[in-house]
Amino acid sequence: MACGFKHETPSHGLFTQFRRRLGRDGYEKVFSLLLKQLLKHGAVKGEVVALDGTAVKAYSQRSLDNKTGKSDPEARVGRGRRGFILGYKVHATCCTSSELPVAFTVAPCNLNEKRFTKPLLKKLKGLGIRFKTVLADAQYDSSKVREAVRMFGAEPVIPYRRSSKIKHALKVGRDFVVHGAKRLVNLFRKRVSIERVFGRAKEWLLLDHLRVRGLEQAFIHACLSFSAMLVVALAAVRQHKPSLIRSIKHYTTQ
């Protein structure tokens, strides 16, 4: 209904033509409407949310300056999981109990993750999600990030860097074992939920298979992947099968 289709499901070809006409705001509205339905059904609670970013390779070669894309000048060279790549970075938050995305944005790959903390949390508040705890890895270790989280009335659970001299602080050792107060360690372990969200989106919903150019189109691409994830969850809820809210395979391979 958000797209203007009230009766029959349109053809794949019509969706392709409609992609640019609907625009970024239209697709984000669809995502928000789906999320609000899941919140209404109680499938998504959002009391504890995890925050992270993942790199997506651009549909372009590097230009001669080795900083931008040859056919996609809005893409930037930045750090990915396995070194530097040309592309964009999807910054997202998820509900740790449902492992479903609740807010996201897309930016050039060279921009630091920390700057997107406040905008993402603001989106959550705008959707009426009353988060109490925000989980993030050591990349978000910053007094400004922690202050931003507390500004929204939530508790930041973010490890300090190993060089920090704060006693009994939450830290990740060289062996990748988390140290600190037991309550914080148990909370931080839920951060893996955002990794699972990215993993499902990339494996089943083509998040990292970008075949469009430009920041707006990259945003729409990510929005389609996350919206499809919410559609699967909503289908499971309406069929009274809550155990299948994350089972993309169940609804795509029948």
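Partly exposed means a relative accessible area between the limits for buried, under 20%, and exposed, over 50%. The views below come from a predicted model.

**View 1. Lys 202 in helix H5.** Lys 202 has a relative accessible area of 24%, so the residue counts as partly exposed. Its side chain makes a polar contact of 2.7 Å with the side chain of Thr 54. Lys 202 also touches Ala 55, Leu 207 and Asp 208, leaving aside residues up to four places away in sequence. Ala 222 is 20 residues from Lys 202 along the chain, and the two C-alpha atoms are separated by 9.9 Å.

**View 2. The second largest pocket and its lining.** This pocket holds about 770 Å³ of space. Its lining has 28 residues. Closest to the centre are Gly 53, Ala 55, Arg 79, Gly 80 and Arg 81. Four elements each supply at least two lining residues: strand E1 (48-57), strand E2 (76-80), strand E3 (83-95) and helix H5 (192-204). E1 gives the largest share, six residues. By class, 12 lining residues are charged, eight are polar and eight are nonpolar.

**View 3. The largest cavity, a nonpolar-lined space of about 30 Å³.** The count comes to one cavity of 30 Å³ or more. Val 56, Tyr 88, Val 90, Val 106, Leu 207, Leu 210, Ala 218, His 221 and Ala 222 line the largest cavity. E3 and helix H6 (215-238) each supply at least two of the lining residues. The largest share, three residues, comes from H6. Eight residues of the lining are nonpolar and one is polar. No charged residue takes part in this lining.

**View 4. The buried side of helix H2.** H2 spans residues 117-126, and its buried residues are Thr 117, Leu 120, Leu 121 and Leu 124. These four cover an arc of only 95 degrees around the axis, so they lie on the same side of H2. An α-helix has 3.6 residues a turn, so residues three or four places apart point the same way. Lys 122 and Gly 126 are exposed on the other side of H2. The buried residues of H2 pack against three strands named E1, E3 and E4 (100-108), and also against strand E5 (133-135) and helix H3 (143-151). Just after H2, Gly 128 takes a positive phi of about 85 degrees.

**View 5. Ser 60 in the loop between E1 and E2.** Ser 60 has 16% relative accessibility, and therefore counts as buried under the 20% limit. A polar atom of the Ser 60 side chain lies 3.0 Å from the backbone nitrogen of Ser 71. The backbone nitrogen of Asp 72 lies 3.4 Å from a polar atom of that side chain. Leaving aside residues up to four places away in sequence, Ser 60 touches Gly 69, Lys 70, Ser 71, Asp 72 and Leu 86.

**View 6. Asn 66, in the loop between E1 and E2.** Asn 66 has a positive phi of about 60 degrees, although the residue is not a glycine. Its relative accessible area is 44%. Asn 66 is therefore partly exposed.

**View 7. Thr 96 and Glu 99 in the loop between E3 and E4.** Thr 96 is buried, with a relative accessible area of 13%. Its contacts, not counting residues up to four places away in sequence, are Val 48, Val 49, Ala 50, Leu 135, Lys 190 and Ser 193. Glu 99 also counts as buried, at 11% relative accessibility. Glu 99 is not a glycine, yet has a positive phi of about 55 degrees.

Methods
Residues are numbered from 1 along each chain as its sequence is written. This is a predicted model: local features need pLDDT of at least 70, side-chain atom pairs count only at pLDDT 80 or more; totals for chains, interfaces and linings use all residues. Side-chain values use heavy atoms; hydrogens and water are left out. On a 1 Å grid over the protein atoms alone, a cavity is a set of points where a 1.4 Å probe fits but cannot get out, and a pocket is an open set with protein on both sides within 12 Å along at least five of seven lines; lining residues have an atom within 4 Å of a point. Grid points are joined across faces, edges and corners, and a volume is the space filled by probe spheres set on the points. Ala, Val, Leu, Ile, Met, Phe, Trp, Tyr, Cys and Pro count as nonpolar, Asp, Glu, Lys and Arg as charged, and the others, Gly among them, as polar. Buried means under 20% relative accessible area, exposed over 50%, partly exposed in between (1.4 Å probe, protein chains only). The arc is that of the directions from the helix axis to the C-beta atoms. Contact means heavy atoms within 4.5 Å. A polar contact is a pair of N or O atoms within 3.5 Å; within protein, one must be able to donate a hydrogen and the other to accept it, and residues adjacent in sequence count only if both atoms are side-chain atoms.
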